[in-house]
Amino acid sequence: MNIQHKTSLSALTTMGLGGDAAQLVEVYSPDDVRQAVAYARQHKLPWYVLGGGSNTLARDDGFDGLVILNKIPGINVIDQTKQYTTFTVGAGELWDAFVAQTVDRNLSGIECLSAIPGTVGAAPVQNIGAYGQEVASAIAYVDAYDTKNDTFVRLQNAECEFSYRHSIFRGREQGRYIITAVTMRLRAVLPQPPFYKAIETYLREHSIANPSVRQLRDAVIAIRANKLPDPRATPNTGSFFKNAIVSREIYERIVADYPNVPHYDLPDGNVKIPTGWLIEQSGLKGALYRGMRVYDKNALVLVNESAKSYDDLAAARQHIINTVQTKFGITIQQEPLEIYTKKLF
Ligand SMILES: Cc1cc2nc3c(=O)[nH]c(=O)nc-3n(C[C@H](O)[C@H](O)[C@H](O)COP(=O)(O)OP(=O)(O)OC[C@H]3O[C@@H](n4cnc5c(N)ncnc54)[C@H](O)[C@@H]3O)c2cc1C
């Protein structure tokens, strides 16, 4: 195994902050993963799995352990019928490169998840979602290394306990599984309306009546380009906060003061309120605080304009959370995960 020492985490995470990882190893196969965990155990090191670092924050004191950088390749069709094509994809493949391949084959199911940065292996972790689609609805099963029992396991969709931006992998079993491959089933049918509002608007403006999978991908890419900064040019992690899910009672209280509050009724009776709207109404859109800017085109995004440290980010985050809390009585929650220093398994 080729262990690298003192690697900058700011270069491996799209927010561009944080100190060094004491050790780092790139893994290219499931067996590399097994060996990396065995090495960490032998040297009594905590480990942390990283893909593209687009949903991860690193602290200023870095990580005194082993970063396992997932590079496992491979996109394979394992089953094909008239209705469906099923792919098994290596966890280190780039998510959007995979989406592009499915769109090239005219397959539907993840086209609205176009242009999300990062790797395939991270997609199930927070059940990535955008424009009305979630990866959970395409996933058949996930292959992983179970670091609790030192075995390879296959977790069926239901076992992953997917919900809004959540799964077992960032929930009650956080840190236990290292995902090596994801198997997804996509449909050979035209995408069906209704589409997300922003997509409907785009289709109307471009006089597209029955969009193909490619036209939907193009729409999503165009819409995103206007709303999300490119992390290669402007360090960020996309949505910095999760959308707020509140009880109907809290929603009724807010709607009394703000009759036009955007919201989505959820099947369980709760109501989803866009956190970008809450931040904007709190007067923070475009605000700069300790080098962190609330993005002026999308208040859900925090951009690292000139922050010097993770501490700057943490101060800006607290300022935003407190301001929204004071105005609406809602405690908003951070979406990106942080490299944890404790040994979990
Ligand atoms: C501009 C921008 C736009 C974005 N838009 C969206 C969006 O529309 N929707 C959305 O849901 N997200 C979005 N994101 C967030 C992010 O891109 C996704 O969460 C993505 O899946 C992260 O992939 P990654 O490889 O970069 O993950 P990383 O940041 O490397 O890892 C994220 C988490 O997953 C864990 N992990 C990674 N790989 C594995 C593995 N193989 N096994 C086990 N655990 C693993 C890590 O330990 C970490 O906790 C956006 C981010 C940016 C910067």
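Where does Arg165 lie? Let me start there, and then step back to the whole chain. Arg165 sits in the loop between strand 11, residues 151-156, and strand 12. Its phi is near 50 degrees, which is a positive value in a residue other than glycine. And is Arg165 buried or exposed? With a relative accessible area of 12%, Arg165 is buried, because the cut-off for that class is under 20%.

Before going further, a reminder, everyone: what you have in front of you is a predicted model.

Now the overall picture. The protein has seven helices and 20 strands. Its radius of gyration is 20 Å, close to the 20 Å that the globule rule gives for 345 residues, so the protein is as compact as a globular protein of that length. If you lay a box along the principal axes, the C-alpha atoms fill roughly 60 × 55 × 35 Å. Of the 345 residues, 51% are buried. Take the contacts between residues at least 6 apart in sequence: 62% of them join residues at least 24 apart.

A word on the surface. The protein exposes about 15,900 Å², and carbon and sulfur atoms supply 48% of that. As for charge, there are 36 positive and 35 negative charges, and their mean positions are 1 Å apart.

On to the domains. The chain is divided into domain 1 at 4-70, domain 2 at 75-187 and domain 3 at 236-338. How far apart are the centres of domain 1 and domain 3? Taken over C-alpha atoms, 29 Å separate them. The two do touch: twelve residues from domain 1 and 18 residues from domain 3 take part in the contact.

Let me walk you through a few more local spots. Arg165 has company in its positive phi: Asn106, also not a glycine, has a phi of about 65 degrees. You will find Asn106 in the loop between helix 2, residues 95-104, and strand 8, residues 129-130. Asn106 is partly exposed, with a relative accessible area of 47%.

Next, please look at Pro194. The peptide bond from Pro193 to Pro194 is cis, with omega near 0 degrees. Pro194 belongs to the loop between strand 12, residues 177-187, and helix 3.

That leads us nicely into helix 3 itself, which spans residues 197-205 and contains Glu200. Which residues does Glu200 contact, once we leave aside its neighbours within four places in sequence? They are Pro194, our cis proline, and Phe195. Glu200 counts as partly exposed, at 29% relative accessibility. For a sense of distance, Tyr258 is 58 residues from Glu200 along the chain, and their C-alpha atoms are separated by 25 Å.

My last stop is Tyr289, which is in strand 17, residues 288-289. Tyr289 is partly exposed too, with a relative accessible area of 33%. Setting aside the neighbours within four places in sequence, Tyr289 is in contact with Ala315, Ala316 and His319. One of these, Ala315, is 26 residues away from Tyr289 in sequence, and the C-alpha to C-alpha distance between the two is 8.1 Å.

That is my tour. Thanks for listening, and I am happy to go back to any of these spots on the screen.

Technical notes
Residues numbered from 1 in each chain as written. Predicted model: local features only at pLDDT ≥ 70, side-chain atom pairs only at ≥ 80, totals over all residues. Heavy atoms only, no water. Helix = DSSP H or I, 4+ residues; strand = E, 2+ residues; numbered from the N terminus. Rg over C-alpha atoms; globule rule 2.2 N^0.38 Å. Buried < 20%, exposed > 50% of the residue type's maximum accessible area, 1.4 Å probe, protein only. Contact = heavy atoms within 4.5 Å. Areas by Shrake-Rupley, 256 points an atom, 1.4 Å probe, with all protein chains shown as cover. Lys, Arg positive; Asp, Glu negative; His and termini not counted. Charge placed at Lys NZ, Arg CZ, Asp CG, Glu CD. Domains from an automatic or database assignment.
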